[in-house]
Amino acid sequence: MRHAGFTWHDGALLAQGLGVSLGLFAGTFLIGLVLGSAAAVLRHFRVPTLGTLLHTGLELLRNSPVLVQLFLVFFGVPALLHQPLTPVFAAGLTLSANTAAFVYFIAVAGLDAVGRDQVEAARAFGLSRVQLVRHILGPQALAFAVAPLVGLAVNQLQVTSLVSVIGVVDLTKAGDILNLRTLRPFAVWTLVGVLYFAAAKTLTLLGNRWERRLRAHAAPLGL
Amino acid sequence: MIAVEGVVKRFGAHTVLDGVSLTVAPGEVVTILGSSGSGKSTLIRCINGLETLDGGRITVDGLDVADPRQLAQARRLSATVFQLFNLYPHMTVLRNITLAPELVLKRPKAEVDGQARALLASVGLAGKADSYPGQLSGGQRQRVGICRALAMNPRYLLLDEVTSALDPEMTAEVLAILGKLATRQPGGAGTAMLFVTHEVEFARRISTRIVFLDQGRLIVDLPTDQFFAADGGLAHPRIRQFLSKMAPAAPLAEIPA
């Protein structure tokens, strides 16, 4: 099979890899979004020990390379617990936590940007904390945070390529397999790059549309 | 009844309220006068639970505001109008008004909407229901702030220097509305008002009682006519000094030379 040409099967392999990459991204970004925002809300209300603990943990995650985190989870944790992890599980765990760290800092900034005066008004009018987050803090913090979140999403999509190193057959790993078989690195990696670009570009366009819609609502905020 | 009993509030080493006691009974219009930094606004913020007390006790119809559960109940009885309006900028004027009645008082949306539109019409803002606060003038925003408070059907209306951020023309339009509101009270069962202000003449016209704070201490608590009487409030040098500086137009004539 040396120097074999491209076959239809290769298309299927790449499509499957792309699917894994997109699925991994979508899943971990969603989880990260929920966890990071929740942590930011806890911090906003100055929940004593838990808030500080989360802040420290997420700070560690933000300030270390994803690849190192991935190795720690995939190789380090099983060695410690004597319990092997599947590559997909390790990848999902690492990327979710890493995304949560970045979302946390964006969400904290967004929450802090909402005027203290409105929060006091809402409290004096008897809104509960949950109602305060849902109706006053959330919508405005989101309007402030949407642009950095779209940027983060595009970045995290590309970061998923690292999981190929621990054996998850994502788009990059599919390219690797294809390259080893065909020995045409320029063609293969160009193709893989174009597929990543298409996915990231689509994400950016969707994000921008969402941002425009949010900003239309938030026009009175003077953003 | 709002009962403030020996309230102490400190910010660091600075004592802002130093053993203040007063009551506001249903239907009363009580004005708190005093120079800036005398603790007037802090007192309001202690009553609606935005500040915690360092001493003393505040109850609203028997509900202790220091207790979180009772505070939640007390907040359904009173409503606050803020100096800087504190409207929600991402919501329409209508939503600003209907939010708390719907979420906190659990009243049906249609009923609250109807009341909000009627309130807006009564302050001359019928056409602004779908505008955002950022599109309104200061005076208009404060009128929305008043509607937002009234939509809670409060037993006690707390007004914290509501005209201090407004120019004289806008001040006049807001005071006209508050004046109507105060005189509409049949002196018994209506909404009581606790009014922190620098508008001495206005206070004199609408208040049943006037309280004077100086450096966190309550100096006098008198019926309005006695407050302005030469042998009443004006007998206090501090009050005489304050009134002569605050409203040189009117009360000066009554200050004995």
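**View 1. Helix α3 of chain B and its cover.** In this predicted model, the buried residues of α3(B) are covered by, among others, α6 (129-159) of chain A, together with α4 (109-122) and α5 of chain B. Which residues of α3(B) are buried? Look for Val93(B), Asn96(B), Ile97(B), Thr98(B), Leu99(B), Ala100(B) and Pro101(B). Within chain B, α3(B) is also where confidence is highest, at a mean of 97.

**View 2. Where chain B meets chain A.** Here you can follow 22 residues of chain B in contact with 18 residues of chain A. Two elements of chain B, β6 (78-81) and α3 (93-103), each give two or more residues to the side that touches chain A. Which of them gives the most? That is α3(B), with 3 residues. Sorted by character, the residues on this side of chain B are 14 nonpolar, 6 polar and 2 charged. For the complex, the predictor gives an ipTM of 0.89 and a pTM of 0.84.

**View 3. The open sheet of chain B.** Try tracing the 6 strands in their order, β6-β7-β8-β3-β9-β10. The sheet is open, and its pairing is mixed. Which strands sit at the edges? They are β6 and β10 (217-223) of chain B, each of which pairs on one side only. On average, neighbouring strands of this sheet are turned by 15 degrees against each other, with direction ignored.

**View 4. Strands β3 and β9 side by side.** Now zoom in on one pair of the sheet: β3 (residues 29-33) and β9 (residues 209-214), both of chain B. In what sense do these two strands pair, parallel or antiparallel? The pairing is parallel, over 4 bridges. To find one bridge for yourself, start at Leu33(B) and look for its partner in β9(B), Phe212(B).

**View 5. A helix lying across the sheet strands.** Helix α5 of chain B, residues 138-150, lies across β6 and β7 (156-160) of chain B. Compared with β6(B), this helix runs at about 175 degrees. You have met α5 already: it is part of what covers the buried residues of α3(B).

**View 6. How confident the prediction is along chain B.** The average pLDDT of chain B is 89, and 93% of the residues score at least 70. Confidence is lowest in helix α6 (residues 168-184) of chain B, with a mean of 84, and highest in α3(B). Please read residues 249-257 of chain B with care: their pLDDT is below 50. In the model, this stretch has 11 contacts beyond near neighbours in sequence.

Technical notes: Residues numbered from 1 in each chain as written. Chains lettered and ligands numbered in written order. Predicted model: local features only at pLDDT ≥ 70, side-chain atom pairs only at ≥ 80, totals over all residues. Contact = placed C-beta atoms within 7 Å. Nonpolar A, V, L, I, M, F, W, Y, C, P; charged D, E, K, R; others polar. Pairing = 2+ DSSP bridges. Axes fitted to C-alpha atoms, helices over the stretch in contact; angles between N-to-C directions. Buried ≥ 20, exposed ≤ 12 C-beta atoms within 10 Å, placed from the backbone. pLDDT = per-residue confidence, 0-100.
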